[in-house]
Structures are given as C-alpha cells and as structure tokens.
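User: I am new to this structure and would like a close look at a single part of it. Please take one buried position, describe its surroundings, and then place it in the whole.

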Amino acid sequence: MKKLLPLAFTLFVLHSELHAQYQIDRYDTSYYISYRDKITLGALFVKKSTAFKMNAPDAGHAFRYLSNSPGRFGFSAGHDFLTLSGTFGVGKLDPSYTDDKGKTKQLNLQLSVTGRKILADIYFQKYKGLFVGTDNSALYTRGNYYVRPDIETELYGTTVTLIDKSRRFTAQAPFLLDARQKKSAGSLLYGGEFFYGKAKGDSAFIPSALAAEYPHANVRELSFITFGPGLGYGYTFVAKEHLFATAMASLNADVSYIKEWDTDNQLGTTWKFNPNFKAKGAIGYNADRWGIALSYVSNRLFFKASETDARYLNYNDNYKLMYVRRINAGKTVPKITGFAKKIINKVGLGFLVN
C-alpha cells in the first residue's frame, strides 16, 4: 500500500500537468479560463425584433416596418460545446407589445455557433404582419400606428467569423458565460456572409399619402441576394478580473442582386455594391461560480433599389439578459457530450466544437 501511494500521486500530478498543457496549447490561461467542464444553468430574457426600412433623400424620414413581437423568458443548460434552451412569450407583460400594433406571425429560427476560433450564425426567418410607428395621423389605421397585416418578409443565410487571436480573446465569455476573460484583450475578426431575402405586400409598401417623397413608392415586392467578405475587430475590457464590457463589429464588402416588382407587375433588376454592417456587444459580471450579462446582437443588410436614390434596409436586433450558475457535471453528462463530440469530429466538423 505504501508503495502504491507515491505511484498514485505521481500519476495524479502527471495528469494535472498534461491537462494544464492541453489548455495552454489551446488558449492562454492567463487571459481567460473555460468552464466547459461544468454544467452551466441559466435563466434568460430575450427580445428579438426585425425591421424592413425604406428611405430616400427627399423623404422627411425613413419609413420603417417593425414586427410586433413580445419578449421571451426561458431557461438554458449547457455542457462543453452543447447548450439547450427553451423560451416562452411573456405577452402583454412586455410594455412594448400592444394590440394596436397588429398581430405578427413569425417563424424565427437562429442557430449560433460560438467557438474559440469561429463564430457562425444561421438565419431562417419569416414574418407576416408589420407596423409603422408614425406621428402622421393621416396614416393611422389602428391606434397611433400604420398597420399592414399583408406584408411578409423572409431572410435565410449565414455569417461566419474567424477570431485571429483566439488564444487571448474569447467570445464565449460575454455571450455564453461558460468562460471568463481575466485580462483585457482584443482580436482581428475576418470572415464572410451570404443571405437571400424577400418582402412583399398586397399593395405598394409606401402608402399613397407619401408617394411623392419616395422614388420607389410603387414597389410592392422585392427579393435580394447579397454576399461578400468581412473584416472587423473585437475587444473585451476587464476591470478587477470580473467586470467586463465587450464590443465586436465587422464591415462586409457585399455585392447584391436585387429584383423589384411594382404595382403594375413590372420587373426591375440591378447589381449593386452594398457594404453591410454587423455588431455585437455585452456588459456584465463574471465570477467562478456565476455570471450575469446583458448582450446585444445586430445584423444589418443595406441595399440600393433600381432607382439610384432609393434605399432599403433589413435588420435584426437581439437583446438578451442572462444569469447563470455553474455546477459540477458528474459522470453521465460528460459521457453524452463526449460521445456527441466524437461523432462531430469524425464527420469533419470538429473545428466548430473544439
């Protein structure tokens, strides 16, 4: 027995050194640490909105359609690369959600991959029933809003971003809270995006009372494809090892193909160079056993119409308030996620989860 104790101690030290070396090979532990060996349990409040906006130089202001979507409350649980969450709408407990804005039917699926080296977002969105907040009483159709239950928008696509300095800077800490940035750090970001989208209504998007201000006032349907490379920067400022503020922004040099149909069913097409912008940000407090963060994600797609001075904008804004606790994972959960990770590695997608 006495001979076995030194051997067990040696094996324990060797395992600890190998594990530490493995972490150092993946990332610099003096800058951030990962809690992916823990189970992360979270409560969250999420507010998502989409907007379809039209503008022109002669217009007094942009004409912006919005979705009438309540905030959602839910829970999440994660271990290693896998996080599962579920939410439910809070209805009229959200003061921004009112009947006067009409009813929005929506299908909003978004898959987000937040890895050490790669960030990816996949969008699958359909909205029907939008409203415009306006101070022009001539446009009111319900309460103080111009409501269009016939207008539909769709958006499908993906953005992919690579983190150049992933050994020192992580997006997992501010947006997933399954890691902690210990020291301030930043990184160059680069990648690309591809989107297909469309919008249509039973009549022109612009009401007849404002037609003189918009050169594309008779357009009732459009579709677009936009794609291009992107370049940006991300930085996390850390105070007293636990307070943090993160900002990430990228500019995409996109080329777009736009098709427009007017109320007479006339078709116009054009290719345009349309730089686009996306941003993420978060602030919060992150300790070893718990963390809280308020985050914001925005993806904006600008493109010009066939008319030179007419412009469109499709954008999505996501706000999330999240509180998490971290607990020991035990034996069963690591076996499940480990098995899933082996399968993902075998099919060649290990770069997404490792």
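Analyst: In this predicted model, S250 has a relative accessibility of 7% and therefore counts as buried, the cut-off being under 20%. The residue lies in strand β12, which covers residues 243-262.

The surroundings of S250 come from other parts of the chain. Leaving aside residues up to four places away in sequence, S250 touches L189, L231, G232, N276, F277 and K278. T161 is 89 residues from S250 in sequence, yet the C-alpha atoms of the two are 9.0 Å apart in space.

One of the residues that S250 touches, L189, leads on to a nonpolar core. That core has 19 residues, with L44, L189, M322 and V324 among them. It is separate from the largest nonpolar core, which has 30 residues. Within the largest core, F63, Y65 and F205 have the most contacts. Strands that each supply at least two of its residues include β2 (38-55), β3 (63-67), β8 (145-163) and β14 (290-304). The most comes from β7, with four residues. As a general matter, nonpolar side chains in soluble globular proteins tend to be buried together.

Y65 shows what the contacts of one core residue look like. Residues up to four places away in sequence aside, Y65 touches T50, A51, F52, M54, L130, F131, V132, Y146, R148, I151 and F205.

T50 also connects to a second buried polar position, N316. With 4% relative accessibility, N316 counts as buried because the value is under 20%. This residue is in strand β15, residues 311-328. Its side chain makes a polar contact of 3.4 Å with the side chain of T50 and another, at 3.3 Å, with the side chain of Q125. Apart from residues up to four places away in sequence, N316 touches S49, T50, Q125, L155, V297, S298 and N299.

These positions sit in a protein of three helices and 15 strands. Of its 354 residues, 44% count as buried. Among contacts between residues at least 6 apart in sequence, 71% join residues at least 24 apart. The C-alpha trace spans about 95 × 40 × 40 Å along its principal axes. The protein exposes about 18400 Å², of which carbon and sulfur atoms supply 60%.

Note on methods. Residues numbered from 1 in each chain as written. Predicted model: local features only at pLDDT ≥ 70, side-chain atom pairs only at ≥ 80, totals over all residues. Heavy atoms only, no water. Buried < 20%, exposed > 50% of the residue type's maximum accessible area, 1.4 Å probe, protein only. Contact = heavy atoms within 4.5 Å. Areas by Shrake-Rupley, 256 points an atom, 1.4 Å probe, with all protein chains shown as cover. Core = buried A, V, L, I, M, F, W, Y, C linked by side-chain atoms within 4.5 Å. Polar contact = N/O pair within 3.5 Å; in protein donor to acceptor, adjacent residues only side chain to side chain.
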